[in-house]
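Trainee: I've got a model open and I'd like to learn how to read it. Can we go through it feature by feature?

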Amino acid sequence: MSWGTELWDQFDNLEKHTQWGIDILEKYIKFVKERTEIEISYAKQLRNLSKKYQPKRNSKEEEEYKYTSCKAFISTLNEMNDYAGQHEVISENMTSQITVELARYVQELKQERKSHFHDGRKAQQHIETCWKQLESSKRRFERDCKEADRAQQYFEKMDADINVTKADVEKARQQAQLRHQMAEDSKADYSSALQKFNHEQREHYCTHIPSIFQKIQEMEERRIVRIGESMKTYAEVDRQVIPIIGKCLDGIAKAAESIDQKNDSQLVIEAYKSGFEPPGDIEFEDYTQPMKRTISETSLSNSRGDSKTELKFASKSKGKLWPFIKKNKLSLKLGAGPEDFSNLPPEQRRKKLQQKVDELNKEIQKEMDQRDAITKMKDVYVKNPQMGDPDSLDHKLIEVGQNIEKLRLEVQKFEAWLTEVEGRLPIRGEQTRRQSGIYEAQTTPSVNNCAQDRESSPDGSYTEEQSQENELKMMATDFDDEFDDEEPLPTIGTCKALYTFEGQNEGTISIAEGEILYVIEEDKGDGWTRIRRNEDEEGYVPTSYVEVYLDKNAKGAMTYI
């Protein structure tokens, strides 16, 4: 079965058919390309979906994902991200193994097809030229034969006429012989041209055209094989990622099996445990005897009484507890928690303080690593001055050192609060149950202790919302009454900022290097000096960050710091 023998006269149809085959191949390439675009789009949508439901960093939502069910959900999102990656792999492999390869092959196929059909047209032109030469020699032979016949007839006519001279007859005879010789020569040329044409025609239809058509047939069969191989590759690319996709699905199932409801219940206890003990029994009150009412330390009335007592005490400590009443009033109205987490129950407060200490220690370690890196870089600059100026790093070292000192002060502050809280927590396993009133009695007023006292309901549950709201209202009222008419503290000197300080905590104030400010309260041994910029801006700054010049006439002032 050969196109050269079976389709020797179908040159035009073969040309159309091979062009159709290339069109089919290009259509398949377009199909695969659109499939890769769909895979990329699907993978992108899966990644966006996974990212959308990931917990935000450093947010309350991230803290909630400590439960096993939430962790399983995070694992599911991560597996879906890997699942999306496999669809990207499908797209990449189809592009590299099918689309790119077939596009290159189509270009080669077009060039090969063009070459074959160019050879076919050239062979056709050659056979047509031979045919034209044959026709030309044939017409010349026919013309010479007719001319020879006319010359012979004219000679015979002249020879029969008695009135014609002998010379004219001889001339006619010679002309007839010449024409006859020309006809014989034309006959020989025509015979030669005919033999040549027949030979060329046999070569054309039996050798040249079959060879060209055979090459075209092989080219077309290679195209068919190639598109079949591409379809196998298409399926194989999908099959290659099935095991990994299966692992992703197995990971989701494993995450679901890891959910532990008992562990989640324990986490709820750790998250919301107040640290208080349930209230004790209420003693019997015998009204037949003189009235002597004993109130439980953890009863609601005692809890409220203690709260009012502490609130009253706190409201009287104007100068120390609330140095900046405008800022604290705003915090109370907005419900912002104090820096020492005194608005939380003991157990929760301890956890928050411990978490804050750990965070600060991590920041200190980062700053120390940065300082070590800068120091090493400076040593390199000292040894190789062409790499940089070592003096240019001094400012950065000073800045990092200031940051470390600032963070250490913060750690000391939070560790002091943590030690205080841990000393007040009841020890488990004691024979005598400590009541929540004991903890409240031991609590001393502090800067942000306005919402520390809470109420316990008769059934032992912790009612925070109502108690805190009442206390905040009472404190805000007392503060408004006592601080609205308070006279500002007098200045006792001036100070110059040695370094820039960013006052980010409540009660502090930001200062810039070289700034001149007023001193209204000197360092009491805690490392902080109270300063004022204007009537509305005042706060505490580290004493080591300023150079203080106290007024000699100020009460209790030092001459120079």
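Trainee: Let's start with a strand pair. Which residue stands opposite R530 in β5?

Mentor: Quick caution before we start: this is a predicted model. With paired strands, you look across from one strand to its partner. Here, E521 is the residue that stands opposite R530 of β5. The strands involved are β4, residues 516–521, and β5, and three bridges join them in an antiparallel run.

Trainee: And on the β6 side, what is the bridge partner of R530?

Mentor: That's Y540 in β6. Move along to I531 and the partner in β6 is G539. Five bridges join β5, residues 528–532, to β6, again antiparallel.

Trainee: How do I read the links between these strands? How many residues lie between β5 and β6 in their hairpin?

Mentor: For a hairpin, check what sits between the two strands. β5 and β6 have five residues between them. The hairpin of β4 and β5 has six, and there G525 takes a positive phi near 100°.

Trainee: Now zoom out. In what order do the strands of the open sheet come?

Mentor: Read across the sheet rather than along the sequence. The order is β6-β5-β4-β3-β7, five strands with antiparallel pairing. At the edges you find β6 (538–542) and β7 (546–550), each pairing on one side only. From one strand to the next, the twist averages 40°.

Trainee: Is β5 mostly covered or mostly open?

Mentor: Mostly covered: five of its five residues are buried. Then ask which way the residues point. W528, R530 and R532 go one way from β5, T529 and I531 go the other, and all are buried.

Trainee: Let's leave the sheet for a helix. Is H87 buried or exposed?

Mentor: For this one, compare the relative accessible area with the cut-off: buried means under 20%. H87 has 9%, so H87 counts as buried. The residue lies in helix α4.

Trainee: What is H87 in contact with, leaving aside its neighbours within four places in sequence?

Mentor: The contacts of H87 are E39, Y42, A43 and L46.

Trainee: And where is F73 found?

Mentor: F73 is in helix α4 too, which covers residues 68–160. Its relative accessibility is 33%, so F73 is classed as partly exposed.

Trainee: Which residues form the nonpolar patch on the surface?

Mentor: F73 is one of them, along with L49 and Y53. Together they have about 270 Å² of accessible area.

Note on methods:
Residues numbered from 1 in each chain as written. Predicted model: local features only at pLDDT ≥ 70, side-chain atom pairs only at ≥ 80, totals over all residues. Heavy atoms only, no water. Patch = residues over 30% accessible without salt bridge, like charges linked within 9 Å, V, L, I, M, F, W, Y side chains within 5 Å. Areas by Shrake-Rupley, 256 points an atom, 1.4 Å probe, with all protein chains shown as cover. Salt bridge = Lys/Arg side-chain N within 4 Å of Asp/Glu carboxyl O. Helix = DSSP H or I, 4+ residues; strand = E, 2+ residues; numbered from the N terminus. Buried < 20%, exposed > 50% of the residue type's maximum accessible area, 1.4 Å probe, protein only. Contact = heavy atoms within 4.5 Å. Pairing = 2+ DSSP bridges. Axes fitted to C-alpha atoms, helices over the stretch in contact; angles between N-to-C directions.
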